[in-house]
Amino acid sequence: MRLVKTVKYEADLDATFAERVAAQPGGERIWDCIQCGTCSAICPVSLYMDLTPRRIVGMVRAGFRDEVLNAVSPWICTSCYACTVECPEKIRITDIMYVIKRMAMKESGHHRFVVPAIEEAFVAMVRKNGRLTESRMGIKVAAKSGLRSALGMVPIAWKLWRKGRLRLLRVERMQNPESLRGVLAAVEDRRPAPPRTGSRGSPAGVKA
Amino acid sequence: MKDYLYFPGCSLKGAGSPYEKSLLAVFRALGISLTEIPDWNCCGATAYLSVDADMGTVLAARNLALAERADGRDIVAPCSGCFLALSKAKAMIAEYPDLRAKVDDALGRGGLPYEGRVAVRHPLEVLLKDVGPDRLRKSVVRPLKDFRVAPYYGCAILRPYETVDSAHVPTVLEELTRIAGATPVDYPHKARCCGGMLTTGVQSVGLRLAEILLDAAKSAEADAIVTTCPLCQYNLEVYQDRLCRSTRKDLRIPVMYFTQMLGLAMGMDERTLAIDQLFRVPVLACPAGGRA
């Protein structure tokens, strides 16, 4: 019989995780959380989340880095800001979800979901053309979301096309997308060179 | 009359084109000019902030800087997603000096200084605050009598900044509805999330959110939902047939933009307002009006 440890000792947690989240714009007030659960109550999608917003905040503070970065919750968040508006401690929970999404993309190495893939495709298209072409984005989403889902979109696409709201051949782009690319490249240039490899904030062998 | 710079955003050039057509037609009729910001780029929506916050902010700020360079008039951003992305970039840059330095550096290299002096406005605000209820009332030639409207605000124009209206008790859409001669119905979910991008990413959840809103509007016996956002309009409109089948409920209801509602009341014809481009055309009790 194999015995599995069911609790985490402090040594198993990531002591720097909360500070890294709090250091991001919008993350500061995470320390003020009173765990009242207003965020989870008002959230229209908390019932589909593996970790509710209240638990996410609590677990970030406690240093449950792996659990939080591998959670589905941030990818279910629709950024409706209901939690942010209702939080009695004025914690910007929506912004914290964004912080977790960005960390998960960089650090957790895998995504269980199609959502991050869609976001990355969106960003790639904007970097290329400066604008988004909905029809092209729709095709990319369909390609990533499986045959059944893609087939379900065919009647809708057909109707949109008939109504003149889907132009398959037209690509939306800036007159001069290079000007935007230059600006975005400047953001990258300014960054400290190597991403801190090895210092993923997981001291003392977090990953079992 | 005041003139504005115009940030259309990508949706208004795509599936949200009825919004752009009706907005431009109504503003023109009211004597307000909208000048498109030269060579604007995508606002970044929610996607860019999920991938790269600095770039997302710089992306949105470039549009603000372009507006400053153009002439610094207020920007009208009709799409809720764009409205929030631009507002948020402006607020975050003002709040965080680090972010400000990054934006200054990136835009400065492109020869685009950013000062943060343009205001980002939603057309609802422009209509009710700048044009004003009195002038709007005078422009109404065909009150939409007995037309029951479920006003739907969505999220982004109310939260988190509450610049357009109160996040808890919004009333501007109701006010506009009354000005148009129609009757706003009360229902509980007028600022609840429509499903956002989940209708593409995690469709089962996204469609459930849309269903809740359609159900609420139907229960309130509305003749149409009137909305302010191209993504909300899309989510509430295009999945109706599928939701009727999967839920065995009658969830069929026209979903139109507030600009289309106002335009109808101003006597404009349905083609000018791109009402024929909606999946379901609202049925008005009052007799069809004259030409615009």
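Chain B is divided into domain 1, residues 4–121, and domain 2, residues 141–277. The model is predicted. The C-alpha centres of these two domains of chain B lie 24 Å apart. Chain A also has an assignment into two parts, domain 1 (10–108) and domain 2 (114–189). In chain A the C-alpha centres of domain 1 and domain 2 are 29 Å apart.

| Domain of chain B or chain A | Residues |
|---|---|
| Domain 1 of chain B | residues 4–121 |
| Domain 2 of chain B | residues 141–277 |
| Domain 1 of chain A | residues 10–108 |
| Domain 2 of chain A | residues 114–189 |

**Contact between the domains of chain B**

Between the domains of chain B, 21 residues of domain 1 are in contact with 23 residues of domain 2. On the domain 1 side, the elements that give two or more residues are helix H1 (17–29) and helix H4 (80–95) of chain B. H1(B) supplies the largest share of that side, 9 residues. By class, the domain 1 side that touches domain 2 of chain B has 12 nonpolar, 8 polar and 1 charged residues.

**Overall form of chain B**

Chain B has 13 helices and 8 strands. The radius of gyration of chain B is 19 Å, close to the 19 Å that the globule rule gives for 292 residues, so chain B is as compact as a globular protein of that length. Along the principal axes, the C-alpha atoms of chain B fill a box of roughly 55 × 45 × 30 Å. Of the 292 residues of chain B, 59% count as buried. Among contacts in chain B between residues at least 6 apart in sequence, 78% join residues at least 24 apart.

**Strands in domain 1 of chain B**

An open sheet of 4 strands in chain B has the order S2-S1-S3-S4, and the pairing is parallel. Its edge strands are S2 (34–36) and S4 (120–121) of chain B, each of which pairs on one side only. Strand S1 (residues 4–6) of chain B pairs with S2(B) in the parallel sense over 3 bridges. Within this pairing, B:Leu5 stands opposite B:Thr35 of S2(B).

**Strands around S5 of chain B**

Is strand S5 of chain B largely enclosed or open? In S5(B), residues 148–152, 4 of the 5 residues are buried, so the strand is largely enclosed by the rest of the structure. S5(B) pairs with strand S6 (residues 183–184) of chain B in the parallel sense, over 2 bridges. The bridge partner of B:Val149 in S6(B) is B:Pro184. From S5(B) the chain crosses through helix H8 (residues 172–179) of chain B to S6(B), and this β-α-β crossover is right-handed. S5(B) is also joined to strand S7 (residues 224–227) of chain B, by 4 bridges, and these two strands run parallel. Here B:Ala150 stands opposite B:Ile225 in S7(B).

**Contact between chain B and chain A**

At the interface, 48 residues of chain B are in contact with 49 residues of chain A. Five helices of chain B each give two or more residues to this side: H2 (47–51), H3 (53–70), H5 (97–109), H9 (198–201) and H10 (203–219). The largest share of the chain B side, 6 residues, comes from H5(B). By class, the side of chain B that touches chain A has 26 nonpolar, 13 polar and 9 charged residues.

Conventions. Residues numbered from 1 in each chain as written. Chains lettered and ligands numbered in written order. Predicted model: local features only at pLDDT ≥ 70, side-chain atom pairs only at ≥ 80, totals over all residues. Contact = placed C-beta atoms within 7 Å. Nonpolar A, V, L, I, M, F, W, Y, C, P; charged D, E, K, R; others polar. Domains from an automatic or database assignment. Rg over C-alpha atoms; globule rule 2.2 N^0.38 Å. Buried ≥ 20, exposed ≤ 12 C-beta atoms within 10 Å, placed from the backbone. Pairing = 2+ DSSP bridges. Right-handed = clockwise from strand over helix to strand, strands pointing away.
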